[in-house]
Amino acid sequence: MSTLNQNEKEIILESIRNIPDFPKPGIIFKDISTLLNNPKAFKLLMDHLEERYRSYNLDYIAGIDARGFIFGSILADRLGIGFVPVRKKGKLPYTTVAEKYSLEYGFDEVEIHIDAFGENGCCTTGEKSKVLLIDDLIATGGTAKAAESLIDKVGADCVECCFILELAFLKGREGFKSDVYSVLTI
Ligand code: AMP
């Protein structure tokens with residue numbers, strides 16, 4: 001199941017609820033809580049991610065605050081590797097590295113612990129740690145590109161950015177340094 005067939009993709013896509021005009025008018029919010037409480041769809045998704053990434057020889061999964069924590073930490077546990085949270089500003093207690101990114105109006109900022117992927121981003125062999133970045137959804141791509149840049153700043157190697165759902169019309173996948181993989185695209 002390293003590739004999903006159309007029927008399997010539909011099971012996962014149909015488990016995600018659309019909430020019109022949330023959090024503001026004109027936005028269709030993709031509610032993954034209905035995927036999480038659908039055991040068949042959730043297992044199909046996690047089995048697929050596990051199979052895809054088992055051969056990547058990753059050292060860490062980095063998940064974006066907050067829904068990326070759910071998929072990222074389960075996948076990390078399945079692969080027997082560490083999980084690293086990329087958090088919104090002000091939440092991490094130890095020394096952090098930060099990256100700002102623009103929103104429609106103003107800025108937001110994400111942070112990561114400086115030693116999250118080992119000293120200077122290297123694992124015990126002295127090689128750069130191989131990291132998969134994961135989030136539930138890519139819209140403009142601003143959040144994930146800031147997170148990708150943080151992984152680079154602390155010295156690790158972001159090998160791929162993975163999203164459960166991509167809103168392709170926003171062209172968010174353009175401009176990443178690493179490969180981009182989306183399980184579902186609309
Ligand atoms: P962006 O930086 O524009 O790619 O936005 C991605 C982040 O915002 C992700 O963490 C998503 O969870 C969240 N997000 C953006 N648009 C939506 C949407 N339509 N439905 C659900 N979450 C969204």
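Here are legends for a handful of close-up views of this predicted model.

**View 1. Helix α1 meets helix α3.**
We start with α1, which covers residues 6–14. Its axis and that of α3 come within 9 Å, crossing at roughly 125°. The two helices are therefore oblique to each other. As for handedness, α1 passes α3 in a left-handed crossing. On the α1 side, look for Glu8, Ile11 and Ile12; on the α3 side, their contacts are Lys40, Ala41, Leu44 and Leu45. Sorted by class, this contact has 5 nonpolar and 2 charged residues, with no polar ones.

**View 2. Helix α3 meets helix α4.**
Here is α3 again, running over residues 39–54, now with α4, residues 67–79. Their axes come within 10 Å and cross at roughly 55°, which means that α3 is oblique to α4. This crossing is right-handed. From α3, the residues in the contact are Phe42, Leu45, Met46, Asp47, Leu49, Glu50, Tyr53 and Arg54. Facing them from α4 are Ile70, Phe71, Ile74, Leu75, Arg78 and Leu79. The mix is 10 nonpolar and 4 charged residues, and no polar residue takes part. Leu45 is worth finding in both views: it touches α4 here, and it is also among the α3 residues that meet α1.

**View 3. A salt bridge between β1 and β2.**
How many salt bridges does the structure hold? There are 12, and this view picks out the one formed by Arg17 and Asp31. The closest N and O atoms of this pair are 2.8 Å apart. Arg17 sits in strand β1 (residues 17–20) and Asp31 in strand β2 (residues 28–31), so the salt bridge ties together parts that are 14 residues apart in sequence.

**View 4. The open sheet and the helix packed on it.**
Seven strands make up this open sheet, and reading across gives the order β5-β6-β4-β3-β7-β8-β9. The pairing is mixed. Which strands sit at the edges? They are β5 (96–102) and β9 (179–185), each of which pairs on one side only. On average, neighbouring strands are turned by 25° against each other, direction ignored. Helix α5, residues 142–153, packs on the sheet. It touches β3 (60–64), β4 (82–88), β5, β6, β7 (130–138) and β8 (157–166). The direction of α5 makes about 150° with that of β5.

**View 5. The β5–β6 hairpin and its link to β4.**
Now zoom in on one end of the sheet, where β5 and β6 form a hairpin with 4 residues between them. In the turn, Gly106 has a positive phi of about 90°. Strand β6 takes in residues 107–113 and runs antiparallel to β5, with 7 bridges joining the two. As one spot to look for, Ala98 stands opposite Glu111 in β6. Strand β6 also pairs with β4, again in the antiparallel sense, over 2 bridges. Which residue of β6 is the bridge partner of Lys88? That partner is Val110.

Key. Residues are numbered from 1 along each chain as its sequence is written. This is a predicted model: local features need pLDDT of at least 70, side-chain atom pairs count only at pLDDT 80 or more; totals for chains, interfaces and linings use all residues. Side-chain values use heavy atoms; hydrogens and water are left out. Axes are lines fitted to C-alpha atoms, for helices over the stretch in contact, and angles run from 0 to 180 degrees between N-to-C directions. Angles under 35 degrees count as roughly parallel, over 145 as roughly antiparallel, 65 to 115 as roughly perpendicular and the rest as oblique. A crossing is left-handed if the near helix is turned anticlockwise from the far one by less than a right angle, and right-handed if clockwise. Contact means heavy atoms within 4.5 Å. Ala, Val, Leu, Ile, Met, Phe, Trp, Tyr, Cys and Pro count as nonpolar, Asp, Glu, Lys and Arg as charged, and the others, Gly among them, as polar. Two strands pair if DSSP finds at least two bridges between them. A salt bridge is a side-chain nitrogen of Lys or Arg within 4 Å of a carboxyl oxygen of Asp or Glu.
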